[in-house]
Amino acid sequence: GGPVRAVIQAVGIPNVLTKSIGSHNPHNVVKATINALEQLRDGLARRRRLGDRRSSALSFNNLGIVLLETGEFGQAIDAFEQALTIRREIGDLPGVVATLNNLGTVFQDRGDYTRALPLFEEALEGARQVGDQNPISLVLVNVGGVSRCRHCGGRDAAGLLPHTVLL
């Protein structure tokens with residue numbers, strides 16, 4: 001709880017909610033948190049040095065998920081955009097679909113439906129190209145969430161649903 005929050009906030013992520021599982025000794029919890037952050041940074045640095053762009057994109061995407069969950073929307077957007085750029089450059093269509101969906105979720109969570117919907121639409125088109133029903137279903141759930149919005153910039157999010165249910 002508290003010791004983890006202090007470490008996370010010290011590295012620039014404010015307003016984080018934490019849960020400590022296992023040890024309740026504050027010294028051990030702080031040490032484990034610092035160790036985990038160092039490993040994440042080291043892993044990304046190694047991937048970059050090795051030129052492992054696919055893994056770097058995955059790391060940025062995972063970082064974006066963590067930042068989204070902690071309410072750091074601006075930083076989450078930055079991380080997802082970095083992942084998306086790499087995934088597009090290397091032709092990782094399933095990764096592009098996942099990242100577009102995650103990026104759309106950031107805007108949806110912020111109530112910015114006019115920015116969320118085009119991202120979900122692009123993710124849905126990519127998921128159809130991939131041909132995997134799981135990402136299609138996931139994107140449709142998010143489109144359904146946007147369709148609950150009464151004002152989606154004049155666009156009808158629910159209009160996407162009849163076309164996709166047939167898949």
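**Helix H5 and the nonpolar cores**

Apart from neighbours within four places in sequence, Leu103 is in contact (heavy atoms within 4.5 Å) with Ile77, Phe80, Glu81, Leu84 and Leu119. The model is predicted: local features need pLDDT of at least 70 and side-chain atom pairs pLDDT 80 or more, whereas totals for chains, interfaces and linings use all residues. Residues are numbered from 1 along each chain as its sequence is written, and side-chain values use heavy atoms, with hydrogens and water left out.

Leu103 is among the residues that touch the most other members of the largest nonpolar core, as are Ala76, Leu100, Val106, Phe107 and Val139; this core has 23 residues. At least two residues of this core come from each of H3 (53-69), H4 (73-90), H5, H6 (113-130) and H7 (133-147). A nonpolar core is a set of buried Ala, Val, Leu, Ile, Met, Phe, Trp, Tyr and Cys residues joined through side-chain atoms within 4.5 Å. Helices are DSSP runs of H or I with at least four residues, numbered from the N terminus.

Thr105 lies in H5, which covers residues 93-109. Thr105 counts as buried (under 20% relative accessible area, 1.4 Å probe, protein chains only) because its relative accessibility is 16%. Leaving aside neighbours within four places in sequence, Thr105 is in contact with Leu68, Phe120 and Asn142. Of the 17 residues of H5, 13 are buried, so this helix is largely enclosed by the rest of the structure.

At the N-terminal end of H5, Asp92 acts as a cap, with a side-chain oxygen 3.0 Å from the backbone nitrogen of Gly95. Gly111, just after H5, takes a positive phi of about 80°.

Note on methods
Buried means under 20% relative accessible area, exposed over 50%, partly exposed in between (1.4 Å probe, protein chains only). A polar contact is a pair of N or O atoms within 3.5 Å; within protein, one must be able to donate a hydrogen and the other to accept it, and residues adjacent in sequence count only if both atoms are side-chain atoms.
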